[in-house]
Amino acid sequence: MHFTLADLVTDITQNGAESGAALLELEISETPGGEFRFTVRDNGKGMGPDELKRAMDPFVTDGIKHPRRRVGLGLPFLIQTAEQSGGGWDIKSEKGKGTTVSAWFDAGNVDMPPVGDIPGMFRSILMFRGPGEIHITRRGRGGGYEIRKTELTEALGDLEDTGSLVLLDQYLRSLEEDE
Ligand SMILES: Nc1ncnc2c1ncn2[C@@H]1O[C@H](COP(=O)(O)OP(=O)(O)OP(=O)(O)O)[C@@H](O)[C@H]1O
Ligand SMILES: [Mg+2]
C-alpha cells in the first residue's frame, strides 16, 4: 500500500477539525534516533467510552459519511500501522471536552511507512475549515518552528486565495528547509 505518515496524520487531524473544536493543535517531532511522533489535540465534542471503542474498532463505521464503506479507516488504521511497525499509540477522549491522539513510529523498522511531504501536510491542515485557531509545533533535528493559523491569515490574507496559497506553500517549505 502506498501511504505516508503525513497521510495518516492528516486523516487524524481532519477528525479533530470536524469535531467542532475551537482550537486544534498538532505537534510533530522527529528525533535524531529516528523516532517520528505526533500528537493531535482538539477541544471539540469528544467521545464517551462506548463511542471511542466504536471509533477504534476496525469493523465498525458510523455509516453516515460513507454509507457503502464497511470498514472504517481513521483510528483503526492508525493503530494497526503503529503496532505493525514497532511503534505505539495513545488515545484519550472525554465527552464534551475533546480528544487527544498520539502515535509514534520507529524509523529503523522496515515496516514503517515513509514520512512523506511535511510542508504539504501542514498546508492541507491549515486549510481545514472549522477550528477558529490551529497551532502547529514542529520539532526536528534543528530548533523546530511553530505556526499559528491566525498569524498566517493576518500576514497573507485568506489562505484560500490563489496568491496566498503560493506564498503559504513557499513559507512552509522554507520553514522546513531551515529546520
Ligand atoms: N477527534 C474526534 N472528536 C470527536 N469524534 C471523533 C474524533 N475522531 C473520531 N471521532 C469519531 O469517530 C468516528 C470515526 O472516525 P473516522 O475517521 O474513522 O471516520 P470519519 O471521520 O467518520 O470518516 P472519514 O475519516 O473516512 O472521512 C467519527 O465519525 C467520529 O464520530
Ligand atoms: Mg475521519
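User: Which residue follows α3, and what is the sign of its phi?

Analyst: Helices (H or I, at least four residues) and strands (E, at least two) are DSSP runs, numbered from the N terminus. Here, α3 is followed by G86, which has a positive phi, near 70 degrees. A word on the source: this is a predicted model, where local features need pLDDT of at least 70, side-chain atom pairs count only at pLDDT 80 or more, and totals for chains, interfaces and linings use all residues. Residues are numbered from 1 along each chain as its sequence is written, chains are lettered from A and ligands numbered from 1 in the order in which they are written, and side-chain values use heavy atoms, leaving out hydrogens and water.

User: How many residues of helix α3 are buried?

Analyst: Buried means under 20% relative accessible area, exposed over 50%, and partly exposed in between (1.4 Å probe, protein chains only). In α3 (residues 74-84), eight of the eleven residues are buried, among them F77 and L78.

User: Is K92 in β3 buried or exposed?

Analyst: K92 counts as exposed because its relative accessibility is 52%.

User: Which residues does K92 touch?

Analyst: Contact means heavy atoms within 4.5 Å. Leaving aside residues up to four places away in sequence, K92 touches G98, T99 and T100.

User: How many bridges pair β1 with β2?

Analyst: Two strands pair if DSSP finds at least two bridges between them. Strand β1 (residues 23-30) pairs with β2 over seven bridges, in the antiparallel sense. For example, L26 has V40 in β2 as its bridge partner.
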